[in-house]
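Grab a coffee and open the viewer. Here are some short exercises, each with a worked solution to check against your own reading.

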Amino acid sequence: MFELRKPLIPAVVVAGLIAGTTGCSPLDGAAAVDAQVRGTPGAEGVGDSIFPQAGNGGYDAAHYALDLTVAPKSKTVLSGTSTMTAKATQDLSRFNLDLLRLTVKKVTVNGVKATFRHKGTELTITPATVIAKGKPFKVAIAYGGNPQSLPGLIPGSQDGWIKTDDGALVMGEPLGAMTWYPVNNTVHDPATYEVAVTVPSGLTAVSNGRYVGKKSAGAGKNTFRWNNKNQTIPYATTLAVGKFVLQTGKTKSGVPIVNAVDPRQRAASREILGKIPTIVEWGEKHFGPYPVDSAGAIIDHAPKVPAALETIGRPLYGRAPNSTVMAHEYAHQWFGDSVRFSDWSQIWLNEGFATYAMWMWDEEQGLATTQKWFDSVYRTPADNALWAFPPGKPTKAKELFDDAVYYRGAMVLHKVRQAVGDKVFGEILKTWTAEHKNRTATIEQFIALTEQKSGKKTRPIFDVWLFGKGKPATP
């Protein structure tokens with residue numbers, strides 16, 4: 001994620017708006033008595049240090065098939081069915097998914113009606129029989145309603161479903177995926193996706209993955225299908241509905257490009273969209289093979305949306321971005337979408353890396369050197385919020401997208417690069433993305449890799465710049 005309003009050389013902004021999971025009324029449906037079944041319930045959260053109730057235990061999601069109808073001007077904006085294919089990781093008597101402010105109408109598990117209860121963000125499902133450990137199962141959920149967003153963590157932003165003047169878009173970081181479909185809302189449970197969305201004629205529905213095509217659904221409606229075979233964490237999924245124009249192409253390595261552009265942004269975005277093959281090639285040079293099987297962008301006309309988001313394979317923008325912002329979001333395809341952090345407190349592995357990649361891009365484009373970026377940030381006074389907490393140790397939700405994580409976080413990598421040299425630094429980045437492709441990773445693993453590749457003691461750099469309190473005494 002990146003704030004679109006950041007200037008080329010940043011005047012550091014104090015970030016922070018704490019997101020919460022607003023409750024909703026319980027829905028009809030009764031839970032079975034645990035004593036009447038074998039097995040144990042799956043956990044209601046995965047224990048993340050920032051969002052302990054996000055995600056669920058007891059199963060591993062493999063695939064989501066979403067068959068939805070979106071009617072922006074209707075009383076029921078969204079309706080349809082989500083079918084999750086998963087595997088039980090314990091003898092499972094009941095399990096949870098995360099879903100916010102949408103009405104669940106029916107649930108089946110392996111085709112058999114299940115009981116359910118929906119309170120707050122927790123949709124608790126009790127299948128008719130226990131699901132044995134190791135067994136695959138399918139849960140189909142019919143639901144609908146008027147999706148609502150959560151408060152965003154960047155000032156003025158929203159998390160999840162965002163209404164636009166001609167439809168909607170989804171920016172789901174950190175928790176917003178649950179505003180439009182039932183999901184195991186954790187970075188520990190990626191899955192593949194099939195998304196079919198029926199919309200009124202004149203509108204287009206865009207999601208992640210490869211574009212399968214458009215088909216008439218009758219009654220003045222069309223269905224758009226997208227097939228995302230990439231292992232994708234929930235916050236990197238998206239849906240955008242509006243008066244988009246679809247544009248196609250390919251990267252130099254043959255990856256298909258599909259762009260969706262609001263006609264009002266067409267002229268402003270023409271040049272930057274033409275740079276996507278170059279940006280992907282630049283990323284491959286520095287970070288290794290492009291880790292996603294699709295590329296492109298969604299550029300909406302949403303003036304009040306202050307951020308861009310690295311939705312997998314097809315980053316999302318509220319208006320035409322510049323190349324600095326696009327380089328940031330494409331760097332996330334490696335750092336965040338492919339190599340995933342193990343806990344939200346380790347978000348530096350996403351944002352510090354993508355921000356430094358953005359500095360590298362600017363340097364190669366003759367816009368600003370990495371040293372100029374570093375110096376401009378270091379000049380920030382010691383009493384500024386930039387130095388309020390270490391970028392490697394955010395402890396509150398409002399700190400996750402703070403400038404400390406982004407800009408001070410990028411400074412860490414600049415110091416490492418200076419210590420180990422350009423050649424070794426390049427080897428570190430490519431090794432990191434190769435060894436942890438489609439896996440979670442930790443800061444400690446990255447520190448160990450820098451020492452292994454360089455043969456130097458780099459930990460003191462991290463102790464000062466990543467974990468140290470306050471502004472370092474010398475740049």
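One thing before you start: this is a predicted model.

**Exercise 1. Find the loop that holds Gly 202, and decide whether Gly 202 is buried or exposed.**

Step 1. Look between β14 (191–200) and β15 (204–206): Gly 202 is in that loop.

Step 2. Check the relative accessible area, which is 58% for Gly 202. Exposed means over 50%, so Gly 202 counts as exposed.

Step 3. Now look for contacts, leaving out residues up to four places away in sequence: Gly 202 touches Gly 242 and Lys 243.

Step 4. For a sense of distance, take Asp 362, which is 160 residues from Gly 202 along the chain. The two C-alpha atoms are separated by 38 Å.

**Exercise 2. Do the same for Thr 238: which loop is it in, and is it buried or exposed?**

Step 1. Thr 238 is found in the loop between β17 (221–232) and β18.

Step 2. Its relative accessibility is 0%. The cut-off for buried is under 20%, so Thr 238 counts as buried.

Step 3. List what Thr 238 touches, again skipping residues up to four places away in sequence: Val 170, Trp 180, Val 206, Ser 207, Asn 208, Ile 298, Thr 311 and Leu 316.

**Exercise 3. Work out which strands pair with β13 and how its two faces are covered.**

Step 1. Start with β12 (residues 158–164), which is joined to β13 by five bridges and runs antiparallel to it. A hairpin through two residues links β12 to β13, and Thr 164 sits opposite Gly 167 in β13.

Step 2. Next comes β18 (residues 240–242), which pairs with β13 over two bridges, also in the antiparallel sense. Here Ala 168 has Val 241 of β18 as its bridge partner.

Step 3. Now check burial along β13 (residues 167–171): five of its five residues are buried. Gly 167, Leu 169 and Met 171 cover one side, with Ala 168 and Val 170 on the other.

**Exercise 4. Trace the open six-stranded sheet and pick out its edge strands.**

Step 1. Follow the order β1-β22-β23-β21-β20-β19, and note that the pairing is mixed.

Step 2. Look for strands that pair on one side only: these are β1 (2–3) and β19 (245–250), the edges.

Step 3. Zoom in on β19, where six bridges lead to β20 (residues 256–261) and the two strands run antiparallel. Val 245 stands opposite Val 261 in β20.

**Exercise 5. How many residues does helix α7 have, how far does it reach, and which of its residues are buried?**

Step 1. Helix α7 (residues 422–435) has 14 residues.

Step 2. From first C-alpha to last it reaches 20 Å, close to the 20 Å expected at 1.5 Å a residue.

Step 3. The buried residues in α7 are Val 424, Phe 425, Ile 428, Leu 429, Thr 431, Trp 432 and Thr 433.

**Exercise 6. How many cavities of 30 Å³ or more are there, and what lines the second largest one?**

Step 1. The count comes to four cavities of 30 Å³ or more.

Step 2. The second largest cavity holds about 60 Å³ of space.

Step 3. Its lining is made up of Met 1, Gly 152, Leu 153, Ser 157, Gln 158, Asp 159, Met 171, Glu 173 and Ala 307.

Step 4. Sort that lining by type and you get four nonpolar, three polar and two charged residues.

Notes: Residues are numbered from 1 along each chain as its sequence is written. This is a predicted model: local features need pLDDT of at least 70, side-chain atom pairs count only at pLDDT 80 or more; totals for chains, interfaces and linings use all residues. Side-chain values use heavy atoms; hydrogens and water are left out. Helices (H or I, at least four residues) and strands (E, at least two) are DSSP runs, numbered from the N terminus. The expected span of a helix is 1.5 Å times one less than its number of residues. Buried means under 20% relative accessible area, exposed over 50%, partly exposed in between (1.4 Å probe, protein chains only). Two strands pair if DSSP finds at least two bridges between them. Contact means heavy atoms within 4.5 Å. On a 1 Å grid over the protein atoms alone, a cavity is a set of points where a 1.4 Å probe fits but cannot get out, and a pocket is an open set with protein on both sides within 12 Å along at least five of seven lines; lining residues have an atom within 4 Å of a point. Grid points are joined across faces, edges and corners, and a volume is the space filled by probe spheres set on the points. Ala, Val, Leu, Ile, Met, Phe, Trp, Tyr, Cys and Pro count as nonpolar, Asp, Glu, Lys and Arg as charged, and the others, Gly among them, as polar.
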